[in-house]
2 protein chains.
Amino acid sequence: MTKGNKILIADDEPDILEIIEFNLQAQGYEVITAKNGDEAIEKAKKESPDLIILDIMMPGKNGIEVCNQLRMIPAFKQTLIVFLTALSDEATEVKGLETGADDYLTKPVSPKVLISKINSLFRRLNKEETGIIKIGDLQINREKYGVTFRGADIVLARKEFELLSLLASKPGKVFLRNEILNQVWGTEVIVGDRTIDVHIRKIRQKLGIDCITTVKGVGYKFEM
Amino acid sequence: MTKGNKILIADDEPDILEIIEFNLQAQGYEVITAKNGDEAIEKAKKESPDLIILDIMMPGKNGIEVCNQLRMIPAFKQTLIVFLTALSDEATEVKGLETGADDYLTKPVSPKVLISKINSLFRRLNKEETGIIKIGDLQINREKYGVTFRGADIVLARKEFELLSLLASKPGKVFLRNEILNQVWGTEVIVGDRTIDVHIRKIRQKLGIDCITTVKGVGYKFEM
DNA sequence: CTTCTGCTTAACAATTTGATAATATTATAA
DNA sequence: TTATAATATTATCAAATTGTTAAGCAGAAG
């Protein structure tokens with residue numbers, strides 16, 4: 001499973017850092033680490049991670065302070081933040097969540113559970129736009145220009161690929177014909193109306209199933 | 001803080017139901033309860049809650065089955081689902097999260113923590129501006145160009161969708177025929193008077209219930 | 001140079017939609 | 001109650017929209 005989301009971990013215990021880093025990397029996440037609160041803020045600003053895992057008790061700035069500070073910055077209003085700490089007292093947990101964190105995990109936490117939680121958070125955020133799109137048994141690899149369906153490779157021409165890629169990037173969303181033209185063909189080129197249809201048809205043909213729905217008078221949407 | 005959200009709790013222990021219900025109501029949430037899996041599904045369909053708390057071990061259908069089944073239904077793809085259970089074994093937790101749940105809490109959980117978690121989930125949900133209009137068990141999704149009623153998809157043509165969309169955007173408000181013409185047809189096009197009626201009729205027919213009220217000599221309004 | 005592939009388009013078929021006319025029904029005021 | 005205006009219903013048809021096929025063209029590959 002390849003993700004491609006960036007995760008920042010801040011913890012002062014090297015062992016913990018290492019274990020988590022290993023497990024997340026195995027899942028395909030890109031991992032950055034920080035040894036204390038200040039380093040966490042600094043790296044967060046530089047790397048713009050998609051998710052930040054914060055230990056609460058750290059030398060210097062503690063996790064809650066870090067979270068508070070990051071949430072002040074517009075760029076981090078949306079970022080997922082999770083506390084992971086040995087402090088299991090209720091007051092701290094409530095305080096942590098009220099700071100605007102998305103989850104609070106207490107050590108020790110098993111790698112499997114940690115990963116499930118993280119996957120679950122990303123799933124809701126729908127942030128799987130980097131690299132590989134996976135919907136059901138359809139896989140789209142943007143870098144390799146490859147599409148796999150039920151384990152079998154499917155060869156799509158460039159425009160077909162771009163089009164499917166666009167539609168599948170937000171399953172369920174209806175893309176207006178105009179949107180499609182702008183995204184796939186660009187604003188310069190002008191192509192006839194039937195062009196989109198023909199490409200849609202080819203994709204439908206090659207995939208063998210009808211996962212692209214026509215919304216008449218509006219556009220197309222991808223749905224499994 | 002965003003309150004007024006509807007929460008469905010499913011648990012077979014009356015005591016737990018009561019405690020949670022009390023605490024959530026104190027926070028301003030509207031609470032519905034169910035004593036087993038089947039009842040949970042039934043009430044979910046009828047009430048369209050914003051968040052569902054599921055016990056895993058329940059007579060009849062267990063929580064994971066309920067979650068699975070709900071996630072199959074289009075209307076519940078986005079709904080927040082949280083497991084709350086005494087089963088703290090890792091495998092179950094991972095399985096639960098992979099079913100598409102948003103969180104997994106183990107009993108006993110303190111009311112404060114529970115509430116923090118729930119607030120936290122809602123906080124994140126509201127950040128992602130989903131163009132979803134929700135009135136009772138009717139959902140209108142502008143992005144998907146789709147309408148869901150009691151869990152079932154309803155297919156509306158473009159004008160029908162726009163019209164319903166307009167009326168439902170302000171439930172209770174009476175839209176003058178002129179207003180409707182301007183909003184849905186634009187100022188350019190001129191259509192006969194009966195045209196609106198015909199579309200209203202089609203919507204009424206497709207929805208199966210009469211949630212659009214005629215105000216004679218004035219216009220129409222949407223009401224559940 | 002030839003062959004192949006991908007992209008676009010034209011032309012036509014198939015489908016869906018939306019508007020209207022004609023008629024029935026309902027609400028309201030006199 | 002009745003007359004009247006407003007809305008509901010139904011069927012029908014034209015227009016809008018999309019699906020399909022085949023053909024032409026340009027550029028890449030052989």
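**Close-ups of a predicted protein–DNA model**

**View 1. Who sits around DNA strand C?** In this predicted model, 24 residues surround DNA strand C, and the ones that come nearest are Ala157(A), Trp185(A), Gly192(A), Trp185(B) and Gly192(B). And what does the protein meet on the DNA side? Of the atoms of DNA strand C that come within 4 Å of the protein, 78% belong to sugar and phosphate.

**View 2. Zooming in on phosphate oxygens of DNA strand C.** Look for Gly192(B) here: one of its backbone N or O atoms lies 2.5 Å from a phosphate oxygen of the strand. Lys159(B) also uses its backbone, with a polar atom 3.0 Å from a phosphate oxygen of DNA strand C. Over on chain A, Thr195(A) brings in its side chain instead: a polar atom there is 3.0 Å from a phosphate oxygen of DNA strand C.

**View 3. The helices beside DNA strand C.** Both chains pitch in: α6 (158–169) and α8 (194–207) of chain A, plus α6 (158–169) and α8 (194–207) of chain B, each give at least two residues to the surface near the strand. Which helix supplies the largest share of that surface? That's α8(A), with five residues. Sort the surface by residue class and you get nine nonpolar, nine charged and six polar residues.

**View 4. Helix α4 of chain A and what follows.** Helix α4 of chain A covers residues 90–98, and its buried residues include Thr92(A), Glu93(A), Val94(A), Gly96(A) and Leu97(A). Carry on just past α4(A) and you meet Gly100(A), which has a positive phi of about 110 degrees.

Methods:
Residues numbered from 1 in each chain as written. Chains lettered and ligands numbered in written order. Predicted model: local features only at pLDDT ≥ 70, side-chain atom pairs only at ≥ 80, totals over all residues. Heavy atoms only, no water. Near = heavy atom within 4 Å. Polar contact = N/O pair within 3.5 Å; in protein donor to acceptor, adjacent residues only side chain to side chain. Helix = DSSP H or I, 4+ residues; strand = E, 2+ residues; numbered from the N terminus. Nonpolar A, V, L, I, M, F, W, Y, C, P; charged D, E, K, R; others polar. Buried < 20%, exposed > 50% of the residue type's maximum accessible area, 1.4 Å probe, protein only.
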